[in-house]
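Me: I'm new to this structure and would love a close look at a single part of it. Could you walk me through one region slowly, and show me what surrounds it?

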Amino acid sequence: INELFGIEFDTNGFIASAKFVVTDHIARKVKQQEADIIKCSKEISERFPTVSPPNTSDLPQIKKKFALYKSDSHLSLDLFTDKEIRFMCYFANQIANGTEDYHILIYLIQKHWRQSYLNGLIFCLLSNWSQFEFIIVAKEFKSFILNQLANYNGHRQHLCAMKSNIQFLKDGGSLALGQFIFSNQQSILDAPSIIGLKKRDFGYSYFSKAIQYYYKSKNSTNPSELEEALTLHANNNTNKIVISDKIIKADRLPNQLPATIAIKRIALKLIGDPFVKSNWNTIGIGQDYASQISMAHSIIKRWLIKSYLTVAFDKLIVDQERKDFWLKCADRIEIEDIKIVGSYQHKNIISSNLELKEALINCFYLQSSNLDTCAVAIQIKNYYFFEFSMKGNACYVYNNDRKLKMIEKGIRKIDELKETGLPMLIESGNYYYSFHDNGRVFHMGNWESRFNKWFKDKLGIYVNK
């Protein structure tokens, strides 16, 4: 036919030219779109945990069923459905209560065994790591889980990765993982991927020891990495252990400021206001860490007190001498609390300090009148010191908390915090000093030296050494 119509058709040439029908521009565009789709898919996948447990609403019913089976050995294994056995894998620690119960659980799971049960068993192990590592009756169940994982012959990527790194799931495995990451100079955020999980899975209690070891071993810390790691892990006790260590180390640095700013912000965000004692309690934390957290608690309170004093005396009271005196005082003795009292105008002024805005607002109390005068109340043991912003005002010292309670209830005017009939706090003659528990100190003459002697007599410290 080609010859009849005089058509010359080169098949090989046509095939060769077909390669150029799609231009290079379009090919690059398709490849880019393919890469975008893969990236988007990974991002969506990272938002979901590797293993999602079932709803716990069926737990009471399954626990009753388990108790029934335990009480009557003649009952058939068919009493439990595959779905119920899978459920038991996720919440074994909440169903079993003692060695016998764990033996029954192992028997039931083995008799119904499916490789998909490993997801639930791994979830149970990683969610309750310390329980399976230290409680003897649960350790046998942990051995069963690891044995099943070692025998896994499926193709699920996360289970294959866990099988390859099973050493990190044995006793002391979390600590070993932290050591491995530190010695290989990796980021702690790589921890989940090393054992086949996603970053989203960092919330397992299993990762606590790894995080603790990693950050205790690092001399310098990337604040953004620390904040991300602890936020993802979302364990309050881990936060306290790790952050308290960083606070103590930062306080020992010769140039504290850069380190304290970052760790102070992270501590306030992840642990909370140190002046709320419940935020820094050590319930459920070992005694070894309790003293560390208590020390860090005192340090961060001192940091904040000094920051509050700096803001108050720079922005509101504006007095360098008084600022220097109280900052030295904060370094010598624990200031237990501080409150700032003023108008909306004063509140707006301190709110401009973005670093401490929320913390400052928590210690600020409004007076109902819109006067220029504001006050700073400082508590040291059972003494309460009131400094006022207007020049000529004395520092009023009380040996009771009556004025502090007035602040908390609400006052109309700053003058309500003054008892003008009080004597001088320090009286002196040619050869003597007399120190009162309640009184006034005017900021004139050699007032710091006189106040220093009062602090030594009443509180056992020299503010100015």
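In which kind of crossing, left-handed or right-handed, does α14 pass α15?

Reply: Happy to walk you through it. The crossing of α14 over α15 is left-handed (the near helix is turned anticlockwise from the far one by less than a right angle; clockwise would be right-handed).

A word first on what you are looking at. This is a predicted model, in which local features need pLDDT of at least 70 and side-chain atom pairs count only at pLDDT 80 or more, while totals for chains, interfaces and linings use all residues. Residues are numbered from 1 along each chain as its sequence is written, and side-chain values use heavy atoms, without hydrogens or water.

Now the setting. The protein chain holds 23 helices and eight strands (DSSP runs numbered from the N terminus: H or I of at least four residues, and E of at least two). Of its 465 residues, 43% are buried (under 20% relative accessible area; exposed is over 50%, partly exposed in between, with a 1.4 Å probe and protein chains only). Among the chain's contacts with a separation of 6 or more, 64% join residues 24 or more positions apart (contact means heavy atoms within 4.5 Å). Keep that figure in mind, as several such pairs turn up below.

Back to your pair. Helix α14 covers residues 208-217 and helix α15 covers residues 223-233, and their axes come within 11 Å while crossing at roughly 165° (axes are lines fitted to C-alpha atoms over the stretch in contact, with angles from 0 to 180 degrees between N-to-C directions). At that angle α14 is therefore roughly antiparallel to α15 (over 145 degrees; under 35 is roughly parallel, 65 to 115 roughly perpendicular, the rest oblique). From α14, the residues making the contact are Ser208, Ile211, Tyr214 and Tyr215, and they meet Glu225, Leu226, Ala229, Leu230 and His233 of α15. Sorted by class, this contact of α14 with α15 has six nonpolar, two polar and one charged residues (Ala, Val, Leu, Ile, Met, Phe, Trp, Tyr, Cys and Pro are nonpolar, Asp, Glu, Lys and Arg charged, the others, Gly among them, polar).

Let's stay on α14 a little longer and pick out Gln212, which is found in this helix. Gln212 has 9% relative accessibility, so it counts as buried. Setting aside residues up to four places away in sequence, Gln212 is in contact with Thr238, Ile241, Val242 and Tyr289. There is also a partner to look for earlier in the chain: the C-alpha atoms of Gln212 and Leu175 are separated by 8.3 Å, although these residues are 37 apart along the chain.

Ile241 leads us on to a second glutamine. Gln292 sits in helix α18, residues 287-316, and its contacts beyond four places in sequence are Lys216, Ile241, Ser244, Asp245 and Ile248. Ile241 is thus in contact with both Gln212 and Gln292. At 13% relative accessibility, Gln292 also counts as buried. From C-alpha to C-alpha, Gln292 and Ile248 are 8.2 Å apart, with their positions 44 residues apart in sequence.

Next, turn to the other helix of your pair. α15 also meets helix α17, residues 257-270, where the axes come within 10 Å and cross at roughly 15°. The small angle makes α15 roughly parallel to α17, and this crossing is right-handed. On the α15 side the contact is made by Pro223, Leu226, Glu227, Leu230 and Thr231, and on the α17 side by Ala262, Ile263, Arg265, Ile266, Lys269 and Leu270. That contact has seven nonpolar, one polar and three charged residues. Leu226 and Leu230 of α15 appear here and in the contact with α14 as well.

Follow the chain on from α15 and you reach Ala234, placed in the loop between α15 and α16 (236-251). Its phi is near 55°, a positive value in a residue other than glycine. Ala234 has 60% relative accessibility, so it counts as exposed.

Gln185 makes a good companion to Ala234. It lies in the loop between α12 (173-183) and α13 (191-194), and its phi is positive too, at about 55°, although Gln185 is not a glycine. With 75% relative accessibility, Gln185 counts as exposed.

Finally, here is another helix pair to set beside yours. Helix α5 (residues 82-90) and helix α8 (residues 117-127) pack at an angle of about 25°, with their axes 6 Å apart, and are therefore roughly parallel to each other. Their contact includes Ile85 and Cys89 of α5 and Leu121 and Phe123 of α8.
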